[in-house]
Structures are given as structure tokens and as C-alpha cells.
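Grab a viewer and work through the exercises below. Each one sets a task and then walks through a solution.

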Amino acid sequence: MPFFKITQIRSAIGLPKKTTGVLKALGLRKRMATVFHPVSPQVAGQIMAVKELVAVLEVDQALTKSEMRASRRPDPGYYIETPASEALDARI
């Protein structure tokens, strides 16, 4: 089942209450917040009402909060192959 991945890119400060209400109905409260909704005409209509404020992708499955956090975590940049104590013992 496909999902819309909706991320709020721009703030709704100073916009009409109707626009902020649509964002709240979608579950978006802060900038850079991401929510997943199943693909439907109702959600597509809400997205069209705030299309200038959000970025939308169609994905195959919704991610949980922990999966989203893990996807944003950077690679450590290094790998430990052997503990340092073993490396020192090998030299002696």
C-alpha cells in the first residue's frame, strides 16, 4: 500500500487560519516534521491546499519514528577491526 511522505518545509506564521488548520489536520506542527498518510484523494486535496509549504514523496511503506531516526544517523566514519590491546601484544 503506498503512502505519502509529507515533510513541512516552510513555516505557517502569518498565513490564514485555514492554511494552519490544514497543516494541523495533516499532523504537521513544526518545520522539518515528517508524517506518513495513505494515498487517498482526501489527503491529496489537503496537500494541494498547502503545496507551497510541504515536500511530498510517494513511498511504499511508512517508517516508524525509530526507523526515521536510524535513517538520519550518520555513518561513524571508522571501523575498529581489532582492539588496541591485541595490536600491542602482536608487536611485542
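**Exercise 1. Find which residue stands opposite Phe3 in E3, then work out the order of the strands in the sheet.**

Step 1. Phe3 stands opposite Val59 in E3. Strands and helices here are DSSP runs numbered from the N terminus, with at least four residues for a helix (H or I) and at least two for a strand (E). This is a predicted model, so keep in mind that local features need pLDDT of at least 70, side-chain atom pairs count only at pLDDT 80 or more, and totals for chains, interfaces and linings use all residues. Residues are numbered from 1 along each chain as its sequence is written, and side-chain values use heavy atoms, with hydrogens and water left out.

Step 2. E1 and E3 pair in the antiparallel sense over six bridges; two strands count as paired if DSSP finds at least two bridges between them.

Step 3. Now turn to E2, which pairs with E1 in the antiparallel sense over five bridges. Phe4 has His37 of E2 as its bridge partner, and Lys5 stands opposite Phe36 in E2.

Step 4. Put together, that gives an open sheet of three strands in the order E2-E1-E3, with antiparallel pairing. E2 and E3 stand at the edges with a single partner strand each, so one side of each has no neighbour in the sheet. On average, neighbouring strands are turned by 25° against each other, direction ignored; the axes are lines fitted to C-alpha atoms (for helices over the stretch in contact), and angles run from 0 to 180 degrees between N-to-C directions.

Step 5. Add H2: this helix packs on the sheet and touches E1, E2 and E3, and its direction makes about 20° with that of E1. Contact means heavy atoms within 4.5 Å.

Step 6. As for E1, five of its six residues are buried, so the strand is largely enclosed by the rest of the structure. Buried means under 20% relative accessible area, exposed over 50%, and partly exposed in between (1.4 Å probe, protein chains only).

**Exercise 2. Which residues of H1 are buried, and which exposed residues sit on the face turned away from them?**

Step 1. List the buried ones: Thr19, Val22, Leu23 and Leu26. Looking down the axis of H1, they fall within an arc of 100°, so they line one face of the helix. That arc is taken from the directions from the helix axis to the C-beta atoms.

Step 2. Flip to the face turned away from the buried side, and you meet the exposed residues Lys17, Lys18, Lys24 and Ala25.

Step 3. Check what the buried residues pack against: E1, E2, H2 and E3.

Step 4. Look just past the helix. H1 is followed by Gly27, whose phi is positive, near 90°.

**Exercise 3. Which members of the largest nonpolar core touch the most other members?**

Step 1. A nonpolar core is a set of buried Ala, Val, Leu, Ile, Met, Phe, Trp, Tyr and Cys residues joined through side-chain atoms within 4.5 Å. The largest one has 13 residues, and Ile6, Leu23, Leu26, Leu28, Val50 and Val54 touch the most other members. E1, H1 and H2 each supply at least two residues of this core, with the largest share, three residues, coming from H1.

Step 2. Try Leu28, in the loop between H1 and E2. Leu28 is buried, at 2% relative accessibility. Leaving out residues up to four places away in sequence, Leu28 touches Ile6, Gln8, Leu23, Ala33, Val35 and Val54.

Step 3. Next, Ile47 in H2, which is buried at 8% relative accessibility. With that sequence cut-off of four places, Ile47 touches Phe4, Ile6, Val54 and Val56.

**Exercise 4. Which side chains meet in a salt bridge, and what is the phi of Met32?**

Step 1. A salt bridge is a side-chain nitrogen of Lys or Arg within 4 Å of a carboxyl oxygen of Asp or Glu. The count comes to one: Lys51 with Glu52, at 3.8 Å, N to O.

Step 2. Lys51 is partly exposed at 46% relative accessible area, while Glu52 is exposed at 53%.

Step 3. Met32, in the loop between H1 and E2, has a positive phi near 65°. Most residues other than glycine have a negative phi. At 52% relative accessibility, Met32 counts as exposed.
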